[in-house]
Amino acid sequence: MPLTPSKRTFAEDAYPPFYAGRKLSDLDKALLWKLLHVDPECPSRVLLAKVAHMQRPMAVSVRHLNRVRATWQRNRPKGRPRHAACSAAVGGALVQITPHLSCVGVHLFAHWLGQQGTFSPVVAQLQQAIAAHKRAHPDDDFALLHHREQTLRRRFQALFFAPLCGIEKLTAFDTHEHPLQTLLGRGYHSSTLSQFLGQLERIDAAAALMPVLVPHPAGQIAYVDGHMMAYWSRVPMHKGTITMLGRIMAGSQAVIAHDEVGQALFVAYYPPDIHLAQVIVDSCQKLAGATGSTLFVIDRAVKAVAMARAFDDQGLGLLCMLDDNEPQGLESFEAAQVDTLQDGRRVYGGPWKTPRPHDPRHFVIVEPAEGQTLVYWATPKVEAVLAATEWPRVYRERNERQENSFKRMIDHGALNTNYGRKKLVGPDRHQQRARDKLLQSLETAQQRVDKQVEEVKAKQDQVAESESKGHGKRLAQRQRALAGLEKELKNAKHKQDQLAEQAYALGPPGERADRDFRKQTIMTVRTLLLENALNAFMVVLLGTLQTKVSLELVLNLLFERSGARMETNAQVVYWVNTSGLSLPYRRVLTAVVEGRCAMGLREHGKPICVRLKDMPP
């Protein structure tokens, strides 16, 4: 679309057309018109002072401004200004203008979400959760239980748009500049939103919002992976390996699922000391019940055989990649060639060469001309649904669906931000595991001591027999064997005593804390909803563009840039500040703006027009 319109759609008798000139831009003229509409007899010097007070200085003289006012018939009569009431402007049409608007792209994105009705199911689910809480706890009385639909919508939108405005922690609402006043019609501070989030926690809003993530209809394949996040606390907490930091420390572990097109479906949080293999089956069962997905793709699995059997017993399919240390090459499998890929790689399929009765997995091996052989395995459910040649493609898509999605959500979705300080104190699982391991070792050591005591007793009887019969050489042999057995018995008792001391050193049963994940889950569902909305928006935007642009580029070029807004009786115009953009990026932004206009966005029933404008900083 051209940067300046070829014709005006609003009424000519309401106000003059605002064409950009050499000294005054169209936005400057619209601002002057608005001020003169309120006070037509305002002196030009006072008018320029008002404009400067609005932090939009104009490099124009009073004489030039008087000529512009004369053209508009807004010049005041000669003499001192009188204090009589001002007359109404001709036509009565008022131009509403916001000269400084931050995050212009976020405002446009919000209008698109409004047209799609994105927040309607969210508000409906929250209202259902509130009604259920009232029935279950009739004596409870807090603010959320009395919120109107508009209040619920606005406050959830404030949490929803916060990452796009550069706000990760709620306390940043008190210190950072944000556009909530122009975006939602009112601003919020951290105290209000923290109270809102705490009350969402009380009604278990995370479970209520989870169905909003699921598309209709849901896909057959789901990608599942874990995301570890560190947490710092002075209270003793259960610890795990935080892979991003390479340290064993407190934190949280999220199990997140995406469908075939990259839409987030599910999230559940677990303590970091519980390995993903221990909770993946339970999470996939819940996901299958919520979405109907029966095929799951995960990264390399620990205890793969046990996990494959667990999935197979539940009637679920699991596709995974075999550990590099397990196969010895193509010769490890009873494999037959099934296809040759376009790049020349040969695809084989088959079971282990040596039968393993308790292993239900089937294997697909991709052997390149050079390089490492890749081995994929799956349960019978996947083998019955997916062709063997599809396994490598489906598994490779996991990188885009989840790995890259996690990176994007960390960058602009606050996925790595901790929410909520509540902790749940319980038995120390680290101590319990250490105690159970020591008790098992003690039991084994006791069995070893008992066995060696019997062997020593038997050998002593043999020595006594040899002494009574006057044996010579045999007696010496039995005495040497007895000395060896007695030494082994002594060592076994010493090992048993060491284990007993270690068990005693553990002390009485202790306590450790776990995070209360309710707030964290609510905010992660918020992040997943934001990611789903951005992906859907990009699909629509790319459908209007001739060139491909990434989400990161759109966020940087449009969402994070400031501008201005003007509303007339016929349309709403948004200006995007292009100062500082290089020529190539300006071309990309021009294409994105043209695509925005082609999407048919509307505000207050009026079409939205987006233009580029060089504005002073």
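In this report a residue is called buried when its relative accessible area is under 20%, exposed when that area is over 50%, and partly exposed in between, as computed with a 1.4 Å probe on protein chains only. Helices (H or I, at least four residues) and strands (E, at least two) are DSSP runs, numbered from the N terminus. With these terms, strand S11 (residues 374-378) is mostly covered, since four of its five residues are buried.

The model is predicted, and local features need a pLDDT of at least 70, side-chain atom pairs count only at pLDDT 80 or more, and totals for chains, interfaces and linings use all residues. Residues are numbered from 1 along each chain as its sequence is written, and side-chain values use heavy atoms, with hydrogens and water left out.

## The chain as a whole

The secondary structure of the chain comes to 19 helices and 17 strands. Its C-alpha trace spans about 145 × 60 × 45 Å along the principal axes. The radius of gyration, which is taken over C-alpha atoms, can be set beside a globule rule of 2.2 Å times the number of residues to the power 0.38. For a compact globule of 617 residues the value would be near 25 Å, but the chain has 36 Å. Of the 617 residues, 47% count as buried. A contact means heavy atoms within 4.5 Å, and among the contacts between residues at least 6 apart in sequence, 68% join residues at least 24 apart.

## Strand S11 and its partners

Strands of a sheet pair through backbone hydrogen bonds, either parallel or antiparallel. Here two strands are said to pair if DSSP finds at least two bridges between them. Strand S7 (residues 317-321) is joined to S11 by three bridges and runs antiparallel to S11, with leucine 319 standing opposite alanine 378 in S11. Strand S10 (residues 362-367) is also antiparallel to S11, through five bridges, and histidine 362 of the chain stands opposite alanine 378 in S11. The hairpin of S10 and S11 has six residues between the strands, and in this hairpin glycine 371 takes a positive phi near 105°.

## The five-stranded sheet and its helices

An open sheet of five strands has the order S1-S14-S15-S17-S16, with mixed pairing. Its edge strands, each of which pairs on one side only, are S1 (96-101) and S16 (602-603). Strand S15 (residues 572-577) and strand S17 (residues 606-613) pair in the parallel sense over six bridges, and valine 572 stands opposite isoleucine 608 in S17.

Helix H1 (residues 26-38) lies across S1, strand S14 (563-567), S15 and S17, running at about 130° to S1. Helix H4 (residues 104-116) lies across S1, S14, S15, S16 and S17, and runs at about 140° to S15. In helix H18 (residues 551-559), the buried residues are Leu551, Val554, Leu555, Leu557, Leu558 and Phe559, and the buried residues of H18 pack against H4, helix H14 (398-412), H17, S15 and helix H19 (583-598).

## Two helices that cross

Axes are lines fitted to C-alpha atoms, for helices over the stretch in contact, and angles run from 0 to 180 degrees between N-to-C directions. Helix H8 (residues 190-202) and helix H17 (residues 518-542) pack at an angle of about 105°, with their axes 9 Å apart. That makes H8 roughly perpendicular to H17, where angles under 35 degrees count as roughly parallel, over 145 as roughly antiparallel, 65 to 115 as roughly perpendicular and the rest as oblique. In this contact Leu197, Gly198, Leu200 and Glu201 in H8 meet Arg518, Lys519, Ile522 and Met523 in H17. The residues of the contact divide into four nonpolar, one polar and three charged, where Ala, Val, Leu, Ile, Met, Phe, Trp, Tyr, Cys and Pro count as nonpolar, Asp, Glu, Lys and Arg as charged, and the others, Gly among them, as polar.

## Some single residues

Most residues other than glycine have a negative phi, and most peptide bonds are trans. The table lists two residues, neither of them glycine, with a positive phi.

| Residue | Phi | Place | Relative accessibility |
|---|---|---|---|
| Aspartate 204 | about 55° | loop between H8 and H9 | 42%, partly exposed |
| Alanine 414 | near 55° | loop between H14 and strand S12 (423-427) | 4%, buried |

Alanine 131 lies in helix H5 (residues 120-136) and counts as partly exposed at 29% relative accessibility. The C-alpha atoms of alanine 131 and leucine 145, which are 14 residues apart along the chain, are separated by 8.0 Å.
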